[in-house]
Amino acid sequence: MRRSRFAIRLLGPVAAVALLTACDEGDTDTAEEPDAGNDTVAATVTMSDVAFSPETVEIAPGETVEFVNEEQMVHDVAFDDGEASEDLEEGDSYTRTFDEEGEFAYECTYHPGMEGTVIVED
Ligand SMILES: [Cu+2]
């Protein structure tokens with residue numbers, strides 16, 4: 001009786017470690033996925049300290065912006081026009097190519113006040 005209880009207690013931590021290991025492998029796989037298309041990235045926006053940096057980027061029509069999450073906190077990139085990334089974990093990136101001129105505001109839906117703008121003009 002005592003032995004089987006001891007065995008059950010041991011299984012808890014082992015299962016937790018197995019789960020963590022599985023998550024790590026998942027992250028690695030996601031990071032190795034190729035970016036959508038092979039458009040040239042004209043600007044990179046990083047996510048760290050619960051902020052987009054730089055908050056405003058200016059590009060020309062047809063250029064691509066890359067958003068990279070550099071911290072251990074899930075963020076996303078949700079544009080006012082409806083375009084949005086998946087949830088981005090540390091090391092994940094999202095790219096969007098802008099063909100039209102205009103100002104494209106976006107935010108992280110998880111963190112109020114975490115927002116930025118992409119300005120597209122010739
Ligand atoms: Cu966020």
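Strand E8, residues 115-120, is mostly covered in this predicted model. Of its 6 residues, 5 are buried. E8 has a partner on either side in an open sheet of 4 strands, ordered E3-E8-E7-E5. The pairing in this sheet is mixed. Its edges are formed by E3 and by strand E5 (78-79), each of which pairs on one side only.

The parallel part of the sheet lies between E3 and E8. Strand E3 covers residues 56-59. E3 and E8 run parallel and are joined by 4 bridges. Within this pair, Thr56 has Thr117 of E8 as its bridge partner.

On the other side of E8 comes E7. Strand E7 spans residues 102-107 and pairs with E8 in the antiparallel sense. The two are linked over 6 bridges. Here Phe104 is matched with Val118 in E8 as bridge partner. E7 also pairs with E5, again antiparallel, over 2 bridges. Ala78 stands opposite Glu107 of E7. Such pairing, parallel or antiparallel, is made through backbone hydrogen bonds between the strands of a sheet.

A second group of strands gives another open sheet. It also has 4 strands, in the order E2-E1-E4-E6, and its pairing is mixed. Strand E2 (51-53) and strand E6 (93-98) are the edge strands, and each pairs on one side only. On average, neighbouring strands of the E2-E1-E4-E6 sheet are turned by 25° against each other, with direction ignored. Strand E4 comprises residues 63-69. E4 and E6 pair in the antiparallel sense, over 6 bridges. One of the facing positions is Glu66, which stands opposite Thr95 in E6. In a regular strand, side chains alternate between the two faces of the sheet.

The model also holds a copper ion. Its protein donors are His75, through ND1, Cys108, through SG, and His111, through ND1. These donor atoms lie 2.0 to 2.2 Å from the ion. Along the chain, the donors follow the spacing H-x32-C-x2-H. Cys108 and His111 are both buried.

For the chain as a whole, the secondary structure comes to 1 helix and 8 strands. Read along the sequence, the pattern is α-β-β-β-β-β-β-β-β. The helix thus stands ahead of the strands in the sequence pattern. The protein chain has 122 residues, and buried residues make up 30% of them. Its accessible surface comes to about 8,200 Å². Carbon and sulfur atoms account for 49% of that area. Contacts across the sequence were also counted. Among contacts between residues at least 6 apart in sequence, 51% join residues at least 24 apart.

Confidence varies along the chain. The average pLDDT is 81, and 68% of the residues score at least 70. Over residues 6-36, however, the pLDDT is below 50. Beyond near neighbours in sequence, this stretch has 7 contacts in the model.

Conventions: Residues numbered from 1 in each chain as written. Predicted model: local features only at pLDDT ≥ 70, side-chain atom pairs only at ≥ 80, totals over all residues. Heavy atoms only, no water. Pairing = 2+ DSSP bridges. Axes fitted to C-alpha atoms, helices over the stretch in contact; angles between N-to-C directions. Buried < 20%, exposed > 50% of the residue type's maximum accessible area, 1.4 Å probe, protein only. Donors = N, O, S within 2.8 Å, 3.2 Å for Na, K, Ca; no water. Contact = heavy atoms within 4.5 Å. Areas by Shrake-Rupley, 256 points an atom, 1.4 Å probe, with all protein chains shown as cover. pLDDT = per-residue confidence, 0-100.
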